[in-house]
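Hi,

Here is the structure I promised to pass on. Have a look at it first, and then read my notes below.

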Amino acid sequence: MNCFKCSLYCKMAVTNLKNNRQFYVPYILTGMVSAAMFYIMRAIQGNEGIDTMRGSATLGIVLTLGLVIVGICACIFLFYTNSFVMKRRKKELGVYHILGMEKKHIAKVMAWEAVILYGLSVCGGLVFGIVFHKLTAMFLYKLTGLSEKIPFSVSGWGCLQTAQLFGIVYILMLLYNFLQVKLANPIALLHGSNVGEREPRAKWISAGLGLACILTGYYLAVTVYGVLEAVNMFFVAVLLVIVGTYALFMSVSIAVLKLLKRNKKYYYQTTHFITVSGMLYRMKRNAVGLASICVLSTMVLVMVSSTLCLYAGMEDFLQKEFQTEVSVSLYFKYVPDDAAREYLLNQIEDVARRQNRKLTQVSEYADAPFITHNEENKVERYDNSGELYDAADINLLYVMTKKDYESYTGEALGELAQGNVIIASLTEFEWDTINLFGKEYPVSEKAAFPGSSPDGQIMTELLGDKSVLYVIVADDSRLDQIRTGTAVQYHIGIETDGTQEERKAFASALTEMLRVCGEQLGFDTIMSTSRAEQKDIYMETNGGFLFLGLFLGSMFLMITVLIIYYKQISEGFEDRERFAIMTKVGLSRDVVKAAIHTQMRTVFFMPITVAVIHLAMAFPMLKLIMQIFGLTNASLFVGCLAATTAVFAVIYFVVFRFTSGSYYRVVYR
């Protein structure tokens, strides 16, 4: 008998799913895609081979972050779609109740439905995940520049954790559905799909606060100054705009529709009357979905365009950040003389010959760096001042010989007497003398700050108005006299030919040679950077971010599409009877159809329009934040934003055409 009852409940569950396939097919597909995406991210993140690869730490952080976000979004997304499906099922469940089924019997049918949905979603998702895992991993390796082979494999932990996570989610959704049925009476279930359709009242206070939140967020984004301020204010601005967006659709939109309704010349036109009254009739519930679509669309645009820009601007960043193919800084305990410099340059040429490389450019200069505290024309060493200063009062000082400064900047200076100095400063230096560590020096010339030089440009962008001072002296003996107790930096810049791997091999051989020379010449610290090696590092980071951006962007886009689909289907069922009544009382089918088109276009394109406005207003803040990752090319960022927005708009329009077809089929049926 019990087996017969179980079989009956199972058959009823299958029949219900078939009869409601218009709602459940997208629901199942969504569960499958969510499970597949979670499995793929977990399988790649848990791959033991990644731990042995170059850049494993960076990739591990990116993949772990992606795994957490995918898991959270999948849970929220499934609960959201479950609420849409349950709303349409309430009337059907109410009929079961009236026909004599007890709530416990309905609960058993719903339990079988949950088991079937879970099995289809997770099993189908794991199959798709296992099939596409290798392809996704290959795409990640391509973006990050990794060349290791990827064998086909099945992640046992990935399958287990996917089944566990989605099992917990489906159990929680089932308990929520049980609670909905238990607390509702049959009459409430029968009319459940019509709850909340009373015309909402305009909430002027809420509308005003919503506009204030959006305008405040815009103001913070537009007026922000400096990278640190942009980072600190970013999440505040985002929170304000999100709150304001929901208020915009829930309160401001209702207030605007109320104003349109009061305008009798506008409102009492057939098309306008149907459109305004239809939107106003259910705007309170409709607004939540529209605001969610707007927020998700903005997230997709920001995430994809930012990561795409980081990846596309990598070469530009490398050329700007690393001015030469190989940059070397050696720290001497004395001022290196011409003999030591010539010896090092000869050794560099020997390394190039052994590596079959051609040196296209070699530049070199020396300086003595200091951290100082400046008051007017008086400069004191910060570490010897005996006082604690605010970080804003800390300054940078570089002492160089005239010859090295000219080599560094490429600009010729005037004659410089032995006891005099030349000053180059970010800020205006107004004095004719400078007190440098307790000794007065006449200033014979004020040179332009080396902002036109590559290093100077970077320093200007990073430090802004912070005082950076260059003191140029006549020769090495004067530099040695001033730099007492401070190491001298000797910088060498090298350009060479060859492939990526050949340039990395040259840089490695050069570093080995410098270690040997350090014992002979007396420098104990070597800082060497290779543009080719840095490219690998940045590809790992930026490629990982681009992968995460595209992966999560795809998931958010899927969520957006499904929200739109369910919104259209739900509204189609709600509008069908209303438009049928309109045609029966005398309105032509063409007029009703035109009103439907107007309402659909207005409601559908409102979220993406607001999302684009959000993106435009956030651009100044996003541009500053991108500088943290070394991207200062604003035109490239604008191009990536425009391209991403254009592609997203095309996808959005295709979704509109597809879902509007489903809406029309429901309404005209």
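**A nonpolar patch on the surface**

Phe-79, Ile-168, Ile-171, Leu-172, Leu-175 and Tyr-176 together make up a nonpolar patch on the surface, with about 550 Å² of accessible area between them. Do keep in mind that this is a predicted model. Helix α6 (residues 156–183) gives the patch its largest share, five residues. One of the patch residues, Leu-175, is found in helix α6. Leu-175 is partly exposed, because its relative accessible area is 48% and that class runs between the 20% limit for buried and the 50% limit for exposed.

**The whole protein**

Now a step back. The protein has 669 residues, and 48% of them count as buried. Its secondary structure comes to 21 helices and ten strands. If you take the contacts between residues at least 6 apart in sequence, 84% of them join residues at least 24 apart. The accessible surface of the protein is about 32,300 Å², and 62% of that belongs to carbon and sulfur atoms.

**Helix α14 and its two sides**

The helix I'd look at next is α14 (residues 338–354). It has 17 residues, which should span 24 Å at 1.5 Å a residue, and its end C-alpha atoms are 25 Å apart, which agrees. Which residues of α14 are buried? They are Ala-340, Arg-341, Leu-344, Ile-348, Val-351 and Ala-352. These cover an arc of only 120° around the axis, so they sit on the same side of α14. There is a general reason to expect this kind of pattern: an α-helix has 3.6 residues a turn, so residues three or four places apart point the same way.

What do the buried residues of α14 pack against? Their partners are the strands β1 (326–332), β2 (359–375), β9 (488–496) and β10 (523–530), along with the helices α15 (402–409) and α18 (500–521). On the face turned away from that buried side, α14 carries the exposed residues Asp-338, Ala-339, Glu-342, Arg-353 and Arg-354.

**Just past α14: Asn-356**

Asn-356 is worth a click. It sits in the loop between α14 and β2, and with a relative accessible area of 63% it is exposed. Its phi is near 60°, a positive value in a residue other than glycine. Asn-356 also has a neighbour from far along the chain: Phe-506 is 150 residues away in sequence, yet the two C-alpha atoms are separated by 9.0 Å.

Glu-376 is another residue with this kind of backbone angle: its phi is positive, about 55°, although it is not a glycine. You'll find Glu-376 in the loop between β2 and β3 (378–381). At 62% relative accessibility, Glu-376 counts as exposed.

**Helix α18**

Phe-506 takes us to α18, where it is one of the buried residues. Others buried in α18 include Arg-503, Lys-504, Ala-507, Leu-510, Met-513, Leu-514 and Leu-521. The helix has 22 residues and reaches 31 Å from its first C-alpha to its last, close to the 32 Å expected at 1.5 Å a residue. Just after α18, Gly-522 takes a positive phi of about 90°.

Thr-511 lies in this helix too. Is Thr-511 buried or exposed? Its relative accessibility is 17%, so it counts as buried, the limit being under 20%. Thr-511 and Met-527 are 16 residues apart in sequence, and 8.9 Å separates them in space, C-alpha to C-alpha.

**Two more places to look**

Helix α13 (residues 314–321) has the buried residues Met-314, Phe-317 and Leu-318. Seen down the axis of α13, they fall within an arc of 100°, so they line one face of the helix.

Last, there is Arg-483, in the loop between α17 (476–482) and β9. Arg-483 counts as buried, because its relative accessibility is 11%. Which residues does Arg-483 touch, leaving out those up to four places away in sequence? They are Lys-333, Tyr-334, Val-335, Ala-368, Phe-370, Arg-381 and Val-488.

Cheers

Definitions and conventions
Residues are numbered from 1 along each chain as its sequence is written. This is a predicted model: local features need pLDDT of at least 70, side-chain atom pairs count only at pLDDT 80 or more; totals for chains, interfaces and linings use all residues. Side-chain values use heavy atoms; hydrogens and water are left out. Patches are made of residues with over 30% relative accessible area and no salt bridge: like charges are joined within 9 Å, nonpolar side chains (Val, Leu, Ile, Met, Phe, Trp, Tyr) within 5 Å. Accessible areas come from the Shrake-Rupley method with a 1.4 Å probe; for residues, only the protein chains shown count as cover. A salt bridge is a side-chain nitrogen of Lys or Arg within 4 Å of a carboxyl oxygen of Asp or Glu. Helices (H or I, at least four residues) and strands (E, at least two) are DSSP runs, numbered from the N terminus. Buried means under 20% relative accessible area, exposed over 50%, partly exposed in between (1.4 Å probe, protein chains only). The expected span of a helix is 1.5 Å times one less than its number of residues. The arc is that of the directions from the helix axis to the C-beta atoms. Contact means heavy atoms within 4.5 Å.
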